[in-house]
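Reader: I would like to learn how to read a few local features from coordinates. Please take them one at a time.

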Amino acid sequence: MKVYGYARVSTEEQVKSGSLNQQIDKINDYCDRTDHQLLQLFTDAGVSAIKERPEFEKMMETISEDGSSNEDVEGIVVTKLDRFGRSVKDLVVNMETLQDQEIDFISIGDSLDTSTPNGKLLFHVLSAFAEFEREIISERMQAGRDRARAQGKELHRPKKELDEERIKELYTKKGLSARAIAKLMDVSPPTILSRLREMGVEIM
């Protein structure tokens, strides 16, 4: 399998202590043991999960573009799940982006490999938890809106500024799904679909 590797540490102290190099060594060792071809290794040093992760975003954009133009990349390898997502929800969204491109996900320390039946099962369990979390948050938000309306408050949400031409290009020319574009733009899939319809793009 041809794969990308991704490693991240949150602080400069972890960089100095060799934590990043340990992750890199584990990924290289895993690929050697399993005969996976490591095409490229992306690393974010001293970057916490709640901040921008430039190399992570670069990797995901590369995957999205490669997925529509060639089939070189077949999997992503990390040492632990928390290297790949900020939360269960974020982790699942990232994994779903890979699934959209038919790319497998491997977490060495968690014995998770979505190319296997057990890995697929765990992915669906994580997805169920993420969906449950989304529903709980949605219910709380709706309850808050109901209280605000009962108090006579006006509610409105400002329209988020997005690069609509970029959205159109990714959808019509690159072949990305609305869900994959939503992840790249940090919005919901319905928002992407709404903007596409506003531009007169036929939804496939």
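**Reading the model**

Author: Begin with D44: leaving aside neighbours within four places in sequence, D44 is in contact with Y6, A7, R8, V9, L20, R53, P54, E55 and F56, where contact means heavy atoms within 4.5 Å. This is a predicted model, in which local features need pLDDT of at least 70 and side-chain atom pairs count only at pLDDT 80 or more, while totals for chains, interfaces and linings use all residues. Residues are numbered from 1 along each chain as its sequence is written, and side-chain values use heavy atoms, with hydrogens and water left out.

Reader: Which side chain of opposite charge is nearest to D44?

Author: Lys and Arg count as positive and Asp and Glu as negative; His and the chain ends are not counted. A salt bridge needs a side-chain nitrogen of Lys or Arg within 4 Å of a carboxyl oxygen of Asp or Glu. The nearest such side chain is R53, 5.7 Å away, and D44 is buried yet has no salt bridge. Buried means under 20% relative accessible area, exposed over 50%, partly exposed in between (1.4 Å probe, protein chains only). A polar atom of the D44 side chain does lie 3.0 Å from the backbone nitrogen of E55. D44 belongs to strand 2 (residues 37-44); helices (H or I, at least four residues) and strands (E, at least two) are DSSP runs, numbered from the N terminus.

Reader: Why are I192, R195 and L196 on the same side of helix 8?

Author: An α-helix has 3.6 residues a turn, so residues three or four places apart point the same way. In helix 8 (residues 189-198), I192, R195 and L196 are buried. They cover an arc of only 100° around the axis, which puts them on the same side of helix 8; the arc is that of the directions from the helix axis to the C-beta atoms. P190, R197 and E198, on the other side of helix 8, are exposed. Helix 6 (164-172) and helix 7 (178-185) are among what covers the buried residues.

Reader: Which residues other than glycine have a positive phi?

Author: Most residues other than glycine have a negative phi, and most peptide bonds are trans. Here D35 has a positive phi near 60°, in the loop between helix 2 (19-34) and strand 2. E102 also has a positive phi, of about 60°, in the loop between helix 4 and strand 4 (104-107). D35 counts as exposed at 68% relative accessibility, and E102 counts as exposed at 71%.

Terms used. Polar contact = N/O pair within 3.5 Å; in protein donor to acceptor, adjacent residues only side chain to side chain.
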